[in-house]
Amino acid sequence: QALTLSLWQWSGLARGAMQTLTVFESTQDGLQALDPRRRGDSCELARLISEQEAEQRSVLQSLHDHALRHKEQGNRALEGREFRPAVGEYNKALEFAAAMSEALEADRPQSYNGYQLRALAQGRALPTRGPVALHPFRALVLANRSLAFLRLDAYERAAEDAAEACRLEPRYLKAWVRHATALAAANQREAAVGVLHQALEKACIGDLLKEQVCKLIVNVQALGSIDIKPPQVDLPVVHKNADRPKKKKAPKEMVLVPVGMLKTPGDVELNAPSAEADGQDCRTPCVEIDKRELNEFLAQDWHATHLGGRWRQTCDEVVVVIALPRRPKAKELLVQIRPRQLWVMLRKLDASGEGGQEDYDTIVHATLAQDVTPSESTWMLEAGNSNELHVSLFKQQVARRDQRSDLDTQAPSFWDRAFEQDRPISFDGALPK
């Protein structure tokens with residue numbers, strides 16, 4: 001009879017609370033790992049569970065990468081004194097961290113095994129798991145957002161973020177200092193001194209840190225009355241979890257597309273009312289269809305590129321997948337997106353310079369089929385051990401005159417190829433002019 005054991009493994013933020021399930025078989029020689037080549041319900045169950053766990057890890061790794069990317073972009077904006085964009089990036093980082101927390105909430109810790117019980121008996125701390133593992137990251141982002149609000153003279157918001165960071169990570173001294181700074185800037189000196197006294201108890205490990213905090217307490221007590229500046233106008237919006245507005249169902253956004261594009265592999269056209277019935281001027285028969293449904297329809301098909309990769313599109317963006325020679329770190333890649341050009345360069349393994357062009361191999365230098373908006377385009381490495389690079393190119397929309405309202409509107413731009421050297425795909429029709 002097969003015996004299922006659940007083992008906890010910890011490696012990094014995204015995998016901090018995922019369970020790795022291994023199936024063992026009880027034999028005369030003891031427990032033996034079950035051979036995956038053997039047939040039976042137990043092997044099939046193990047395979048299904050393994051696939052599910054791999055998918056969960058992939059999702060968490062993707063959320064983790066997005067959260068780190070937005071945090072780093074927020075740090076760069078903060079260093080460049082671009083405080084409003086910094087708050088926006090930190091908001092996105094916290095949103096991805098909240099999504100990770102919801103995913104990890106379903107992972108309930110099981111009963112302790114013998115190793116964990118011995119570790120507890122010896123007074124050794126076990127690795128944190130579940131949403132608690134995200135507290136250090138969230139505290140760091142909140143403390144940085146608190147600093148951005150301080151620079152925008154929004155002292156109340158800065159104090160709220162710093163207080164939450166102190167709650168999540170009581171040993172994070174910088175969060176306590178920023179909380180006290182926000183209170184002192186708002187002429188709440190007694191509250192600021194109280195916060196610093198809490199920092200002495202909870203966040204100061206050595207005598208040197210305690211001495212520095214004591215100096216801060218003396219300086220705050222010696223402060224006179226401060227002229228409180230009003231918060232700057234048009235501050236970025238931050239929704240608290242309790243006050244987050246409920247999402248309203250988005251209204252359908254209809255777009256006109258050629259009939260030929262909407263043929264399924266069985267040559268069955270999607271059911272949509274014809275635009276010709278309204279007397280519109282189309283060179284080919286067109287239909288009006290929900291933009292969301294059209295995006296789902298377009299995203300089903302991948303097309304080959306002349307570079308050996310693949311691409312697909314929606315109404316707003318084109319996703320290009322490029323196979324790299326090896327799995328790099330993000331800092332080893334240089335990706336430049338221009339309105340009509342795409343460059344991808346990979347740092348050489350034996351490079352010893354300071355990052356000059358001679359230290360990189362050019363992987364892609366190609367001309368795009370149509371114009372894109374570089375500021376809205378992004379790229380990311382595929383999660384796991386894959387060596388694929390995903391580049392999301394935001395399309396430049398095409399202006400069109402709406403015959404019914406006589407107004408200029410933005411029509412979706414459909415690409416027949418990703419790069420100029422690619423073989424064009426057939427739509428069996430053309431877009432309405």
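This chain folds into 9 helices and 15 strands. Keep in mind that what you're looking at is a predicted model. Of its 433 residues, 39% count as buried. If you take the contacts with a separation of 6 or more, residues 24 or more positions apart account for 59% of them.

How far should you trust the picture? The chain averages a pLDDT of 75, and 64% of the residues score at least 70. Over residues 1-20 the pLDDT is below 50, though this stretch still has 70 contacts in the model beyond near neighbours in sequence. Residues 429-433 also have a pLDDT below 50, and that stretch has 11 contacts beyond near neighbours in sequence.

**The sheet**

Let's go to the strands. Five of them build an open sheet in the order β6-β7-β8-β13-β12, with antiparallel pairing. The edges are β6 and β12 (378-381), each of which pairs on one side only. As background, strands of a sheet pair through backbone hydrogen bonds, either parallel or antiparallel.

Here are three of the pairings in this sheet, with the number of bridges in each.

| Pair | Residues | Bridges |
|---|---|---|
| β6 and β7 | β6: 303-304 | 2 |
| β7 and β8 | β8: 317-323 | 4 |
| β8 and β13 | β13: 388-394 | 7 |

Start at the β6 edge. β6 and β7 form a hairpin with 5 residues between them, and Gly-308 in the turn has a positive phi of about 95°. Across this pair, Ala-304 has Arg-310 of β7 as its bridge partner.

Moving on, β7 and β8 form another hairpin, with 3 residues between the strands. Here Arg-310 stands opposite Val-321 in β8, and Arg-312 stands opposite Val-319 in β8. So Arg-310 shows up twice in this tour: it is the bridge partner of Ala-304 and it also faces Val-321.Which residues of β7 are buried? Along β7 (residues 310-313) the side chains alternate, with Trp-311 and Gln-313 pointing to one face and buried, while Arg-310 and Arg-312 point to the other and are not. That fits a general habit: in a regular strand the side chains alternate between the two faces of the sheet.

Next door is β8. Why is β8 described as largely enclosed by the rest of the structure? The reason is that 5 of the 7 residues of β8 are buried. On its β13 side, Val-320 has Val-391 as its bridge partner, and Val-321 is matched with His-390.

**Helix α5 and its neighbours**

Now for a helix. α5 covers residues 155-168, which is 14 residues, and reaches 20 Å from its first C-alpha to its last, close to the 20 Å expected at 1.5 Å a residue. Its buried residues are Tyr-155, Ala-158, Ala-159, Asp-161, Ala-162, Ala-165, Cys-166 and Leu-168. What do they pack against? The buried residues of α5 pack against two helices, α4 (135-151) and α6 (173-185).

**Two residues to look up**

Try finding His-70 in helix α1. Is His-70 buried or exposed? It counts as buried because its relative accessibility is 8%, under the 20% cut-off. Leaving aside neighbours within four places in sequence, His-70 is in contact with Glu-89, Lys-92, Ala-93 and Phe-96.

Then look at Lys-210, which lies in helix α8 (residues 207-221). At 34% relative accessibility, Lys-210 counts as partly exposed, because that value falls between the 20% and 50% cut-offs. Not counting residues up to four places away in sequence, Lys-210 touches Leu-200 and Cys-204. His-197 sits 13 residues from Lys-210 along the chain, and their C-alpha atoms are separated by 9.9 Å.

**A pocket**

Last stop: empty space. Rolling a probe the size of a water molecule over the atoms shows where empty space is left. The second largest pocket has a volume of about 660 Å³. It is lined by 23 residues, and the closest to its centre are Asp-65, Arg-69, Glu-72, Ala-330 and Trp-379.

Which elements each supply at least two residues of that lining? They are α1 (41-79), β9 (333-337) and β12. The most comes from α1, with 9 residues. You have met two of these elements already: α1 is the helix that holds His-70, and β12 is an edge strand of the sheet.

Technical notes:
Residues are numbered from 1 along each chain as its sequence is written. This is a predicted model: local features need pLDDT of at least 70, side-chain atom pairs count only at pLDDT 80 or more; totals for chains, interfaces and linings use all residues. Side-chain values use heavy atoms; hydrogens and water are left out. The expected span of a helix is 1.5 Å times one less than its number of residues. Buried means under 20% relative accessible area, exposed over 50%, partly exposed in between (1.4 Å probe, protein chains only). Contact means heavy atoms within 4.5 Å. Two strands pair if DSSP finds at least two bridges between them. pLDDT is the predictor's confidence in each residue, from 0 to 100. On a 1 Å grid over the protein atoms alone, a cavity is a set of points where a 1.4 Å probe fits but cannot get out, and a pocket is an open set with protein on both sides within 12 Å along at least five of seven lines; lining residues have an atom within 4 Å of a point. Grid points are joined across faces, edges and corners, and a volume is the space filled by probe spheres set on the points.
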